[in-house]
Amino acid sequence: MTYLLSIGIGLLAGVASGLFGIGGGVIIVPLVTFLFQIQAQSATATSLVALLLPVGALGVWHYYQNGLITSENFKIGFLISMGLFLGTLLGARIAVQLSGPTLTKAFAIFLVFIAVRLWLSASS
């Protein structure tokens with residue numbers, strides 16, 4: 001059952017990533033926490049393990065084939081990845097210092113903030 005749940009989580013995160021361009025952690029972290037009953041730090045680490053693979057390669061290829069990715073997109077994406085590389089280390093250092101419940105609450109606040117911002121910008 002763990003194998004099927006894991007693949008299902010990956011499939012859902014992949015569809016959301018390809019559809020919305022979101023990081024898989026928005027899907028992966030909460031589902032891994034709830035379905036496998038593991039602490040927030042371990043769920044975050046599990047998400048990072050999944051994201052180490054070239055998960056976006058097929059999505060990027062499809063967007064490229066449809067003329068939606070330019071050299072500017074690659075430049076911006078590469079620069080963002082440099083920030084991600086360093087930011088992930090900083091975030092991991094902070095996360096291991098927090099309790100599981102505190103990290104979970106912080107993540108929930110982050111998601112609510114993003115949801116409200118998206119809702120309000122779509123209403124304009």
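What follows is a short chat about a predicted model, covering its largest nonpolar core and two single residues.

Visitor: Which residues make up the largest nonpolar core?
Guide: In this predicted model, that core has 8 residues in all, namely Ile9, Ala13, Ala16, Ile27, Ile28, Val29, Val32 and Ala43.

Visitor: And which elements give two or more residues to this core?
Guide: Those elements are helix H1, which spans 2-20, and helix H2, which spans 25-36, and the largest share, 4 residues, comes from H2.

Visitor: What is Ala16 in contact with, leaving aside its neighbours within four places in sequence?
Guide: With those neighbours set aside, Ala16 is in contact with Gly21, Ile22 and Ile27, and of these Ile27 is, like Ala16 itself, a member of the largest nonpolar core.

Visitor: Changing topic, where is Gln37?
Guide: Gln37 is placed in the loop between H2 and helix H3, the latter covering residues 40-52.

Visitor: Is Gln37 buried or exposed?
Guide: Gln37 counts as exposed because its relative accessible area is 65%, and the cut-off for that class is over 50%.

Visitor: What about the phi of Gln37?
Guide: Phi of Gln37 is near 55 degrees, which is a positive value in a residue other than glycine. Most residues other than glycine have a negative phi.

Visitor: Now Thr88, where is that?
Guide: Thr88 lies in helix H5, which runs over residues 71-95, and Thr88 counts as partly exposed because its relative accessibility is 32%.

Visitor: How many residues apart along the chain are Thr88 and Leu48?
Guide: Thr88 and Leu48 are 40 residues apart along the chain, and their C-alpha atoms are separated by 9.0 Å.

Key:
Residues numbered from 1 in each chain as written. Predicted model: local features only at pLDDT ≥ 70, side-chain atom pairs only at ≥ 80, totals over all residues. Heavy atoms only, no water. Core = buried A, V, L, I, M, F, W, Y, C linked by side-chain atoms within 4.5 Å. Buried < 20%, exposed > 50% of the residue type's maximum accessible area, 1.4 Å probe, protein only. Contact = heavy atoms within 4.5 Å.
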